[in-house]
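Student: I have a model open and would like to go through it step by step. Please keep the reasoning short and finish each reply on what I asked for.

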Amino acid sequence: MAKKPFLTDIKTLRERARKHIEQGAVTEGYSADRDTVVKVLNEALATEIVCSGIHAESVAAEFLQHANDEQGHADQIAQRIVQLGGAPNFSPEGLLTRSHAEYVEGETLTEMIKEDLVAERIAIDSYRDIIQYLGNDDPTTRRMMETILAVEEEHADDLVSLLDELGK
Ligand SMILES: [Fe+2]
Ligand SMILES: [Fe+2]
């Protein structure tokens with residue numbers, strides 16, 4: 001059986017690293033479509049901002065932790081956008097169009113929690129899509145999104161438990 005060769009020889013690696021040093025973390029070996037990755041990450045950023053707002057609206061104290069988590073996710077995503085040479089979009093204008101999750105106000109506590117849960121479930125599906133899209137082309141962004149996805153799944157699980165406790 002032939003051994004699998006290492007992908008790039010050392011000489012090529014060294015030469016490539018010297019080119020375009022102003023691009024920092026984005027090297028020639030970066031094989032994802034950077035514009036699309038930045039666009040998708042800006043949508044994820046908008047999703048985090050909207051989710052954070054929904055948490056804050058609902059059951060203040062209990063979901064402060066969730067709101068803080070979303071804030072942390074928004075920061076992580078924004079940082080990665082900058083690393084990729086893009087500009088994080090925090091503008092409230094068009095936020096709800098960029099966000100995958102929608103903002104629906106619930107009248108009662110139960111309705112608020114349900115809307116919160118729906119937003120988490122939208123985030124879960126869209127982040128899974130992003131992870132699959134990234135594949136092996138941008139492992140750093142993929143790993144970040146995988147970590148965030150796991151937290152959104154915990155959020156959804158917490159919300160279901162809360163609905164159970166409320167007997168809904
Ligand atoms: Fe989040
Ligand atoms: Fe969440």
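Student: Which glycine follows helix 5, with a positive phi?

Tutor: This is a predicted model, so all values here are computed from it. Helix 5 covers residues 109-134. The residue that follows helix 5 has a positive phi, near 50°, and is glycine 135.

Student: What distance separates the end C-alpha atoms of helix 5, and what span should its residues give?

Tutor: Helix 5 has 26 residues, which at 1.5 Å a residue should span 38 Å. The computed distance agrees with that expectation: the end C-alpha atoms are 37 Å apart.

Student: How are helix 5 and helix 6 oriented to each other, roughly parallel or roughly antiparallel?

Tutor: Helix 6 covers residues 139-165, and its axis lies 9 Å from that of helix 5. The two pack at an angle of about 155°. Angles over 145 degrees count as roughly antiparallel. Helix 5 and helix 6 are therefore roughly antiparallel.

Student: Which hand does the crossing of helix 5 and helix 6 have, and how do the contact residues divide?

Tutor: The crossing of helix 5 and helix 6 is left-handed. The residues of their contact divide into 16 nonpolar, three polar and eight charged.

Student: How far does helix 6 reach, and which glycine just after it takes a positive phi?

Tutor: Helix 6 has 27 residues, for which 39 Å is expected at 1.5 Å a residue. From first C-alpha to last, helix 6 reaches 39 Å. Just after helix 6, a positive phi of about 75° is taken by glycine 167.

Student: Which residues donate to the iron ion (ligand 2)?

Tutor: The donor atoms lie 2.0 to 2.3 Å from the iron ion (ligand 2). The donor residues are spaced E-x49-E-x31-E-x2-H in sequence. Glu120 is listed with two OE entries, and the histidine donates through ND1. The donor residues are Glu70, Glu120, Glu152 and His155.

Student: Which residues coordinate the iron ion (ligand 1)?

Tutor: Here the distances run from 1.9 to 2.6 Å, and the donor residues are spaced E-x21-E-x2-H-x78-E. Two of the OE entries belong to Glu48, and the histidine uses ND1. The coordinating residues are Glu48, Glu70, His73 and Glu152.

Student: How far apart do the two iron ions lie, given that glutamate 70 bridges them?

Tutor: Glutamate 70 appears among the donors of the iron ion (ligand 2) and among those of the iron ion (ligand 1). Glutamate 70 bridges the two ions, which lie at a separation of 4.0 Å.

Student: How many residues apart in sequence are the parts tied together by glutamate 70 and glutamate 152?

Tutor: Glutamate 70 lies in helix 3 (residues 60-83) and glutamate 152 in helix 6, so the pair ties together parts of the chain that are separate in sequence. The separation is 82 residues.

Student: Where are glutamate 48 and histidine 73, and how many residues apart are they?

Tutor: Glutamate 48 is in helix 2 (residues 34-57), and histidine 73 is in helix 3. The pair links distant parts of the chain, with a separation of 25 residues.

Student: Are these ligating residues, glutamate 70, glutamate 152, glutamate 48 and histidine 73, buried or exposed?

Tutor: Buried means a relative accessible area under 20%. Glutamate 70 has 0% and glutamate 152 has 1%. Glutamate 48 has 1% and histidine 73 has 6%. Each of these four therefore counts as buried.

Student: Which residue in the loop between helix 1 and helix 2 has a positive phi although it is not a glycine?

Tutor: Most residues other than glycine have a negative phi. The residue in question has a phi of about 50° and is partly exposed, with a relative accessible area of 47%. The loop between helix 1 (10-18) and helix 2 is where it is found. This residue is histidine 20.

Note on methods:
Residues numbered from 1 in each chain as written. Chains lettered and ligands numbered in written order. Predicted model: local features only at pLDDT ≥ 70, side-chain atom pairs only at ≥ 80, totals over all residues. Heavy atoms only, no water. Axes fitted to C-alpha atoms, helices over the stretch in contact; angles between N-to-C directions. Helix = DSSP H or I, 4+ residues; strand = E, 2+ residues; numbered from the N terminus. Parallel < 35°, antiparallel > 145°, perpendicular 65-115°, else oblique. Left-handed = near helix turned anticlockwise from the far one by under 90°. Nonpolar A, V, L, I, M, F, W, Y, C, P; charged D, E, K, R; others polar. Donors = N, O, S within 2.8 Å, 3.2 Å for Na, K, Ca; no water. Buried < 20%, exposed > 50% of the residue type's maximum accessible area, 1.4 Å probe, protein only. Expected span 1.5 Å × (residues − 1).
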